[in-house]
Amino acid sequence: FLKGGYLMVRFEDLVNDPVGHVKELYRYAGLQMSPKQESWVYNITHGKMPESRRFLPLSGDSRKIAQSWRQKLSFEKVRNLQKICEQEMHLFGYRTVHSEQEQQDMSLSLVSPDLNKN
């Protein structure tokens, strides 16, 4: 019933291609990004903003920020969360980890390709 009535945005997709996904959000809303906006999105998500101009404590390298939980949380907590959110993780294309080694292997992607492109 909502087909075509929304644009699904996963945080991981946004941080992997911030400018591309923000442009997609603008297009979906019938707007166009200016070059100045594109530059701002790039700078705020790649740690290129001077410390004095950052408006969020998480401004910086968005890819590293998005994956920081993999190093900070215990595998036990991650396993419990995966169990609670199993259906939602599957629905939104998230892969579960089955060991602490998988959790901390940053070369292992835990999301399926962008859901809007399928």
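**A predicted all-helix chain: surface, core and one helix face**

In this predicted model, the accessible surface of the chain comes to about 8,800 Å², and carbon and sulfur atoms hold 56% of that surface.

Trainee: How many helices and how many strands does the chain have?
Mentor: Read from the N terminus on, the elements run α-α-α-α-α-α-α-α. The secondary structure therefore comes to 8 helices and 0 strands.

Trainee: What share of the residues in the chain is buried?
Mentor: A residue counts as buried when its relative accessible area is under 20%. The chain has 118 residues, and the buried ones make up 25%.

Trainee: Of the contacts with a separation of 6 or more, what share comes from residues 24 or more positions apart?
Mentor: The contacts to consider are those in the chain with a separation of 6 or more. Within that set, residues 24 or more positions apart account for 42%.

Trainee: Is Q103 buried or exposed?
Mentor: Q103 sits in helix α8, residues 100–104. Leaving aside neighbours within four places in sequence, Q103 is in contact with W69, R70, L73, S74, F75, V78 and V97. Its relative accessibility is 0%, and the cut-off for burial is under 20%, so Q103 is buried.

Trainee: And H90, buried or exposed?
Mentor: H90 belongs to helix α7, residues 86–91. Its relative accessible area is 68%, and the cut-off is over 50%, so H90 is exposed.

Trainee: How many Å apart in space are H90 and S112?
Mentor: In sequence, H90 and S112 are 22 residues apart. In space, C-alpha to C-alpha, the distance between H90 and S112 is 9.8 Å.

Trainee: Where on helix α3 do its buried residues lie?
Mentor: Helix α3 spans residues 35–45, and V41, I44 and T45 are buried in it. Seen down the axis of α3, these buried residues fall within an arc of 90°, so they line one face of the helix.

Trainee: Which residues are exposed on the other side of α3?
Mentor: Exposed here means a relative accessible area over 50%. On the side of α3 away from its buried residues, the exposed ones are P35 and K36.

Trainee: Which elements are included in what covers the buried residues of α3?
Mentor: The residues to be covered are V41, I44 and T45. Their cover includes residues 18–28 and residues 62–67, which are α2 and α4.

Trainee: Which residue with a positive phi follows α3?
Mentor: Helix α3 covers residues 35–45. After α3 comes a residue whose phi is positive, near 70°, and that residue is G47.

Key:
Residues are numbered from 1 along each chain as its sequence is written. This is a predicted model: local features need pLDDT of at least 70, side-chain atom pairs count only at pLDDT 80 or more; totals for chains, interfaces and linings use all residues. Side-chain values use heavy atoms; hydrogens and water are left out. Helices (H or I, at least four residues) and strands (E, at least two) are DSSP runs, numbered from the N terminus. Buried means under 20% relative accessible area, exposed over 50%, partly exposed in between (1.4 Å probe, protein chains only). Contact means heavy atoms within 4.5 Å. The arc is that of the directions from the helix axis to the C-beta atoms. Accessible areas come from the Shrake-Rupley method with a 1.4 Å probe; for residues, only the protein chains shown count as cover.
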